[in-house]
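Student: I would like a close look at the aromatic side chains of this protein, with the terms spelled out as you go. Please set them against the chain as a whole.

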Amino acid sequence: MTTTPDLERFWAVVPAGGAGTRLWPVSRASSPKFLHDLTGSGRTLIQSTVDRLRALAGDRVLVVTGAAHAAAVAEQVPDLPSDLLIAEPSPRDSMAAIGLAAAVLELRDPEAIIGSFAADHVISDEDAFGRAVTEAVGVAQRDDRLVTIGIEPTFPSTGFGYIQMGPRLRAHPTATRVRQFVEKPDARRAASYLATGEFRWNAGMFVVRATTLLDLLAQWHPDLAAGLREIAADPSLLQERWDGLEKIAIDHAVAEPAADEGLVAVVPGDFDWDDVGDFKSLSTLLPKGECPMTVVGDPAQVQAIDSGGLVVSESGRMVAVVGLEDVVVVETDDALLVASRERAQDVKLVVEALKAAGRTDLV
């Protein structure tokens, strides 16, 4: 692997969390979506993410995951050193996870630049991804800004937050200042965002000096910043202090207030990207065959008669679908989901209902 000088101090941080409730019953709290090969590539989502980042950072990859998933991550990424796998005792949202990684890496190298990239996203154009990350690292290094990578919207999504781009940073090829981060909009507002040409999807990708991130955090959440640095300095404090840390997302803790002060830049990411948020999204990622029914699993175990959509088959049983269009059928050893693709987002309601019924064995 060859790297540019900018990447020599670059560390990739992979937050691996979340239950992926819209992908139930495949994704569950005990086995979330990043541990599954959902695209048929032969690599799970976290394995593909680590592969993509190692092309840029080499061995400088650190994973933060829940204690319940640490063993599975270690099994799937067996060459990840144990000191680069941080197990959170409990979920405290993205700021604590990314902040602890930053604090650990700050001790290793006070000049370290970190890039945070979720474990469960799919990107096929790795060259374009690499160019965007390399530019973001350059902005973080030379301008000392918090940098995000904004994805070019392909439709007026109501499922993503947006980043409004501002004036160009002329010392860099494509980077601009960030005017503001905005929450997930309704359909009318999303369409108006696309019409301006100024907005990008917020994919939660952040590149920044480790020290800068923690110093920014200390401005608005001093106790959280101090707590993360204390745990990094003395890892024996992790169990005792972790649950007392503030639970907040990195967007709210740092990115939004820093943008208001002109301290955030965005590099346009002109590459395909998907967070595999639901089965409708998954179906668009999979190669289309001659049959209108897309199958994840063994196609020989699926019989589709005058039907189209998506079947995810994990149990080895025969699945037969007759006369249904735009259907999603997902079957595992202990659960069966049948839904329309248009209602794929509502699969999370099944998980909520199961929790309310006390069926924690299924979620």
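Tutor: What follows goes from the whole chain to its aromatic rings.

This is a predicted model, in which local features need pLDDT of at least 70 and side-chain atom pairs count only at pLDDT 80 or more, while totals for chains, interfaces and linings use all residues. Residues are numbered from 1 along each chain as its sequence is written, and side-chain values use heavy atoms, with hydrogens and water left out.

The chain has eleven helices and 15 strands, taken as DSSP runs numbered from the N terminus (H or I, at least four residues, for helices; E, at least two, for strands). Its C-alpha trace spans about 60 × 50 × 40 Å along the principal axes. Of the 363 residues, 54% count as buried, where buried means under 20% relative accessible area, exposed means over 50% and partly exposed lies in between, with a 1.4 Å probe and protein chains only. Among contacts between residues at least 6 apart in sequence, 67% join residues at least 24 apart, a contact being heavy atoms within 4.5 Å.

Now to the rings. Rings of Phe, Tyr and Trp (for Trp, its six-membered ring) pair if their centres lie within 6.5 Å, and planes under 30 degrees apart count as stacked, over 60 as edge-to-face and the rest as tilted. By this rule the count comes to eight aromatic pairs. One of them is formed by Tyr193 and Phe199, which are stacked at 4.2 Å centre to centre with 15° between the planes; both Tyr193 and Phe199 are buried. In the pair of Trp201 and Trp273 the ring centres are 6.3 Å apart and the planes stand at 55°, so this pair is tilted. Because Trp201 lies in strand β8 (residues 199-209) and Trp273 in the loop between β9 (264-269) and α10 (279-285), the pair ties together parts that are 72 residues apart in sequence. Trp201 counts as buried because its relative accessibility is 4%, and Trp273 is buried too, with a relative accessible area of 10%. Together with Phe155 and Phe160, Trp201 and Trp273 form one aromatic cluster.

For a residue outside the aromatic set, take Val296, which is placed in strand β10 (residues 293-296) and is buried, with a relative accessible area of 13%. The C-alpha atoms of Val296 and Thr39 are separated by 7.6 Å, although the two residues are 257 residues apart along the chain. Leaving aside neighbours within four places in sequence, Val296 is in contact with several residues, among them Leu38, Leu286 and Leu310.
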